[in-house]
Amino acid sequence: MNETLNTLMTRRSVRAFQTEKQISREDLQTIVDAGRYAPSAMNRQTWTFVVMQNQEQIQSLARAVGKALGRDAGYNFYLPNALILCANDLSANPMGVQDCACALENMFLAAHSLGIGSVWINQLYDTCNEPEVRRQLTSLGLPESATVIGCAALGYAAAAVEGRPKKDAAETVVWNL
Ligand SMILES: Cc1cc2nc3c(=O)[nH]c(=O)nc-3n(C[C@H](O)[C@H](O)[C@H](O)COP(=O)(O)O)c2cc1C
């Protein structure tokens, strides 16, 4: 198996991170660049990536999201070292969700290739227009018109991840060769 295939076959969502180990600025740049180089419908590239590494900002956003969802006070996005929001203006780009999904997967794979764990955080999609959440997103630089499609929580894995099972190919693939 070549290196690219090995990277995408061995990536698994990581939900516990080493809290002390910092992702370098260079690696964050590489990860976000991998997102920017994803395909987008009609090459619109209308997405906005918000890169966060300040722990107070990440946890303040998690608290606001948790509150909006009625979660307990411990809601924390799995305490990642960094969080990259991928957002799109869905009124300007009807394919904005699909475009961000491509970008997020590129970022997960790039992170994995660098030895960095990741997981999709979905909860901002439903809560990004809640007043306190939007206030924080605006102060982080997100355009008012942008919906957060998904986030990549990033960090060095705290332990080896077994990974959730994949369905047998016979359940999901229909061959017509
Ligand atoms: C659209 C989407 C939303 C997801 N949202 C979350 C989430 O909010 N929290 C979470 O822990 N994992 C989330 N995941 C990760 C999935 O649970 C995970 O990809 C799946 O269980 C398969 O495991 P794997 O990524 O290790 O292969 C999401 C994945 C996708 C594609």
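Student: Before we dig in, what counts as a disulfide here?
Tutor: A pair of cysteine sulfur atoms within 2.5 Å. Keep in mind that this is a predicted model.

Student: OK, how many disulfides does a search of the whole structure find?
Tutor: Zero, across the whole structure.

Student: What about Cys151, how far away is the nearest cysteine sulfur?
Tutor: That sulfur belongs to Cys86 and sits 9.0 Å from Cys151. With a cut-off of 2.5 Å, Cys151 is in no disulfide.

Student: And is Cys86 buried or exposed?
Tutor: Cys86 is buried, at 0% relative accessibility. Cys151 also comes out at 0%, so it counts as buried too.

Student: Switching topic: what does the secondary structure come to?
Tutor: Seven helices and four strands. Reading from the N terminus, the order is α-α-β-α-β-α-β-α-α-β-α.

Student: Where does Phe77 fall in that?
Tutor: Phe77 is in the loop that links α3 (55-69) to β2 (82-88).

Student: What's its phi like?
Tutor: Phe77 has a phi near 60°, which is positive even though the residue isn't a glycine.

Student: Is Phe77 buried or exposed?
Tutor: Buried: its relative accessible area is 2%, and the cut-off for buried is under 20%.

Student: Which loop holds Tyr78?
Tutor: Tyr78 lies in the loop between α3 and β2. Its phi is positive as well, about 70°, and Tyr78 is not a glycine either.

Student: How does Tyr78 score on relative accessibility?
Tutor: Tyr78 comes out at 35%, so it counts as partly exposed.

Student: Let's zoom out. What radius of gyration does the protein have, and what would a compact globule give?
Tutor: The protein has 17 Å, and a compact globule with 177 residues would be near 16 Å, so the two agree. The C-alpha trace spans about 50 × 40 × 35 Å along its principal axes.

Student: What share of the residues is buried?
Tutor: Buried residues are 40% of the 177.

Student: How much of the contact set comes from residues 24 or more positions apart?
Tutor: Taking contacts with a separation of 6 or more, 78% of them are between residues 24 or more positions apart.

Student: And the surface: how much area does the protein expose?
Tutor: About 10,200 Å², with carbon and sulfur atoms supplying 51% of that.

Student: Last one: how many positive and negative charges are there, and how far apart are their mean positions?
Tutor: There are 15 positive and 17 negative charges, and their mean positions are 2 Å apart.

Terms used:
Residues are numbered from 1 along each chain as its sequence is written. This is a predicted model: local features need pLDDT of at least 70, side-chain atom pairs count only at pLDDT 80 or more; totals for chains, interfaces and linings use all residues. Side-chain values use heavy atoms; hydrogens and water are left out. Helices (H or I, at least four residues) and strands (E, at least two) are DSSP runs, numbered from the N terminus. Buried means under 20% relative accessible area, exposed over 50%, partly exposed in between (1.4 Å probe, protein chains only). The radius of gyration is taken over C-alpha atoms; the globule rule is 2.2 Å times the number of residues to the power 0.38. Contact means heavy atoms within 4.5 Å. Accessible areas come from the Shrake-Rupley method with a 1.4 Å probe; for residues, only the protein chains shown count as cover. Lys and Arg count as positive and Asp and Glu as negative; His and the chain ends are not counted. The place of a charge is taken as NZ of Lys, CZ of Arg, CG of Asp or CD of Glu.
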